[in-house]
Amino acid sequence: MAPDYKHVRVRDYLRGLVTHELAVGDTIPSERELCERFAVSRMTVRQAIDALVNEGLLHREQGRGTFVAPPRTDMELRLVGFGDDMRRRGMTPATELLDAETVDAPWDVAESLELDPGAAVHHVQRLGWADGRPMALEETWIPAARFPDLLDGAPDAFPESLYATFREHGHDPDWGEDTVAASDASAHEAELLRLGPARTVLRIARRTFAGEVACAFSRSCYRADRYTLWVPLTAPNPVVTPRAHAAASAAVGGGTTGGATTVSAPTGLSRTTQEVRR
């Protein structure tokens, strides 16, 4: 039996409405209207709507209906802080400090920061907001020996920008290594990010460097319904192997459902194509 693609016609019709006629927050035609227009079953209509909800073009509100979702934010891989990146996009950022303490570095963190196992590191967990909506959850480890006063005054006076703090200590971040993957959010992550039925997140494991000095290692998850990954491409250079490929790949974790991409910047290569976003 040939596959039934009726839902594709409904889906593409709705996609056209969303992109050319409706505004953010507008409701889409009712299931009944769509069934009559395309002479299809309600199950077919729901299949089409589900596809666009999963893509982030629509969102459902229990008891109210289905609405046009806010547009996704392009996630360009650049070495800038969350706040600076949101302001560059015309959004108002805010950072909520969830936890900050000095701990012994786990083995994978120590390896990523090129420290001895058990070395003291500052462990920081933050929730990033933009225009009043949670956008990203970030967990960061920073060598305590290089930034001993980082947690002084926390949580009341924790710095908004870690990169600015690194510069104040004479370590100007100029390159990094990212590993990017997709997976489902945990229950804790879904609660903090206020995720609905679409629970997919983008996970980024990052090492940030100032020259040869490892300044930070972080694991972040971003709402996949609010972000798309944007990567500029150039002609290929000779193949290089990231120094921490194995460690960063293992660190992404979360039961990945998609492939992972590593973006790296070994010493001596041009930094033009090595900018990564934090």
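Select Thr 66 to begin, in what is a predicted model, and note that this residue is buried, with a relative accessible area of 14%, which falls below the limit because buried means under 20%. Thr 66 belongs to strand 2, which covers residues 65–68. If you leave aside residues up to four places away in sequence, then Thr 66 touches Asp 26, Thr 27, Ile 28, Ile 49, Leu 58, His 59 and Arg 60. Display those side chains together and keep Arg 60 on screen, since the next stop begins there.

**From Arg 60 to Asp 50**

Which residue meets the side chain of Arg 60 in a salt bridge? Select Asp 50, whose side chain pairs with that of Arg 60 at 2.6 Å, taken from N to O. The pair links distant parts of the chain, for Asp 50 sits in helix 3 (residues 42–55) while Arg 60 sits in strand 1 (residues 58–61), ten residues apart. Both partners are partly exposed, Asp 50 at 32% relative accessibility and Arg 60 with a relative accessible area of 40%.

Now move to Glu 61, which forms a salt bridge with Arg 64, and here the closest N and O atoms are 2.3 Å apart. Colouring by accessibility separates these two partners, as Glu 61 counts as partly exposed at 29%, whereas Arg 64, with a relative accessible area of 58%, is exposed.

**Helices 1, 2 and 3**

Select helix 2 (residues 31–38) together with helix 3, and look at the place where their axes come within 9 Å and cross at roughly 110°. The two helices are therefore roughly perpendicular to each other, and helix 2 passes helix 3 in a right-handed crossing. On the helix 2 side, the residues to show are Glu 31, Arg 32, Leu 34 and Cys 35, which meet Arg 42, Val 45, Arg 46 and Ile 49 in helix 3. Within this set, pick out Glu 31, Arg 42 and Arg 46, which are linked in a network of salt bridges. Ile 49 of helix 3 may also be familiar from the opening stop, where it was among the residues that Thr 66 touches.

Next add helix 1 (residues 6–20), whose axis and that of helix 2 come within 11 Å and cross at roughly 120°. That angle makes helix 1 oblique to helix 2, and this crossing is right-handed. The contact is made by Arg 9, Val 10, Tyr 13 and Leu 14 of helix 1 and by Leu 34, Arg 37 and Phe 38 of helix 2. Leu 34 deserves a separate colour, since it takes part in the contact with helix 1 and is also listed among the helix 2 residues that meet helix 3.

**Strands 7 and 8**

Turn now to strand 7 (residues 175–184), in which eight of the ten residues are buried, so that this strand is largely enclosed by the rest of the structure. Strand 7 pairs with strand 8 in the antiparallel sense over ten bridges. To follow the pairing at one position, select Ser 183 and then its bridge partner in strand 8, Val 201.

Staying with strand 8, is Arg 207 buried or exposed? Arg 207 counts as buried, at 2% relative accessibility. The side chain of Arg 207 meets that of Glu 114 in a salt bridge of 3.7 Å, N to O. This pair links distant parts of the chain, with Arg 207 in strand 8 (residues 200–210) and Glu 114 in the loop between helix 5 (107–112) and strand 5 (120–130), 93 residues apart. Glu 114 counts as partly exposed, at 44% relative accessibility.

**Two loop residues with positive phi**

Select Asp 131, in the loop between strand 5 and strand 6 (133–143), where phi is near 50°, a positive value in a residue other than glycine. Asp 131 is partly exposed, at 47% relative accessibility. Then go to Arg 194, in the loop between helix 7 (187–193) and strand 8, which has a positive phi of about 55° although it is not a glycine. Arg 194 counts as exposed, at 55% relative accessibility.

**The whole chain**

Finally, clear the selections and show the whole protein chain, which contains eight helices and eleven strands. Buried residues make up 44% of its 278 residues, and the structure holds 13 salt bridges. Among contacts between residues at least 6 apart in sequence, 65% join residues at least 24 apart.

How values were computed. Residues numbered from 1 in each chain as written. Predicted model: local features only at pLDDT ≥ 70, side-chain atom pairs only at ≥ 80, totals over all residues. Heavy atoms only, no water. Salt bridge = Lys/Arg side-chain N within 4 Å of Asp/Glu carboxyl O. Helix = DSSP H or I, 4+ residues; strand = E, 2+ residues; numbered from the N terminus. Buried < 20%, exposed > 50% of the residue type's maximum accessible area, 1.4 Å probe, protein only. Pairing = 2+ DSSP bridges. Axes fitted to C-alpha atoms, helices over the stretch in contact; angles between N-to-C directions. Parallel < 35°, antiparallel > 145°, perpendicular 65-115°, else oblique. Left-handed = near helix turned anticlockwise from the far one by under 90°. Contact = heavy atoms within 4.5 Å.
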